Amino acid sequence: MRPSTLRLHFTGVLLVTLTTTSAAQASRTVPGGEPVVRRVAGSVLDTAGAPVPLADIRLTGSDGWRDAIQTDGAGHFAFVAVPAGPVQLDVRRMGYRPVSRLLAVASTEGLDSTRIVLAAIAAELVSI
């Protein structure tokens with residue numbers, strides 16, 4: 001087995017372990033016995049209302065929990081297994097001004113309609 005193949009195998013195992021741990025920490029059981037999994041989902045748009053694909057989104061909880069994803073081709077994103085409490089949402093995409101927002105995730109439900117609008121910024125290329 002080549003060393004690079006072995007490294008990829010262990011990386012995959014680590015990712016599964018981390019995902020399982022965060023899902024267990026961010027869910028709870030309601031009195032009826034059903035687990036509640038909080039999520040933060042929404043879309044990233046430009047000022048004209050067009051979706052912004054491949055925007056980098058980072059979500060950080062006050063307890064140190066964090067996760068990062070990118071928007072899909074339609075500008076949508078969804079974090080699952082988010083801990084309750086305040087979370088910092090940071091959105092970045094080349095050609096747009098970055099946005100940071102503080103969100104409050106309730107203990108019984110998440111946020112499913114978060115809408116982020118990015119303003120385009122002009123970039124000046126320097127000639128060499």
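Two strands are taken as paired if DSSP finds at least two bridges between them. By this criterion, in the predicted model described here, strand β7, which spans residues 85-92, pairs with β8 through seven bridges, and the two strands run antiparallel. Within this pairing, Val91 has Val99 of β8 as its bridge partner.

Strands β7 and β8 belong to an open sheet of four strands, arranged in the order β5-β4-β7-β8 with antiparallel pairing. The edges of this sheet are formed by β5 (66-70) and β8 (99-105), each of which pairs on one side only. From one strand to the next, the twist averages 20°.

A further open sheet contains three strands in the order β6-β3-β9, and its pairing is mixed. Strands β6 and β9 stand at the edges with a single partner strand each, so one side of each has no neighbour in the sheet. In this sheet the twist from one strand to the next averages 20°. The mixed character can be followed strand by strand. Strand β3 is joined to β6 by five bridges in the antiparallel sense, with Arg39 standing opposite Val80 of β6. The pairing of β3 with β9 is parallel and comprises six bridges. Along it, Val40 has Leu111 of β9 as its bridge partner, and Ser43 stands opposite Arg115, also in β9. Strand β3 is mostly covered, seven of its eight residues being buried.

Nonpolar side chains tend to be buried together in soluble globular proteins. In the present model, the largest nonpolar core has 18 residues. The residues with the most contacts inside this core are Val44, Leu59, Val82, Leu89 and Val91. At least two core residues are supplied by each of β3 (39-46), β4 (56-61), β6 (76-80), β7, β8 and β9 (111-118). Strands of the four-stranded sheet, including β4 and β7, and strands of the three-stranded sheet, including β3 and β6, are thus among the contributors to the core.

The surroundings of Leu59 were examined in more detail. When residues up to four places away in sequence are not counted, Leu59 touches Val40, Trp65, Arg66, Asp67, Phe79, Val82, Val87, Gln88 and Leu89. Two of these contacts, Val82 and Leu89, are listed with Leu59 among the residues with the most contacts inside the core.

Outside the strands, Pro53 is found in the loop between β3 and β4. Pro53 has a relative accessible area of 32% and is classed as partly exposed because this value lies between the cut-offs of 20% for buried and 50% for exposed residues. The C-alpha atoms of Pro53 and Asp72 are separated by 5.4 Å, although the two residues are 19 residues apart along the chain. Asp72 is also one of the residues that Pro53 touches, together with Thr71, Gly73 and Arg93, when residues up to four places away in sequence are not counted.

Confidence in the prediction varies along the chain. The mean pLDDT of the chain is 77, and 72% of its residues reach 70 or more. Over residues 1-30, pLDDT stays under 50. For this stretch the model has 23 contacts beyond four places in sequence.

Methods. Residues numbered from 1 in each chain as written. Predicted model: local features only at pLDDT ≥ 70, side-chain atom pairs only at ≥ 80, totals over all residues. Heavy atoms only, no water. Axes fitted to C-alpha atoms, helices over the stretch in contact; angles between N-to-C directions. Core = buried A, V, L, I, M, F, W, Y, C linked by side-chain atoms within 4.5 Å. Buried < 20%, exposed > 50% of the residue type's maximum accessible area, 1.4 Å probe, protein only. Contact = heavy atoms within 4.5 Å. pLDDT = per-residue confidence, 0-100.
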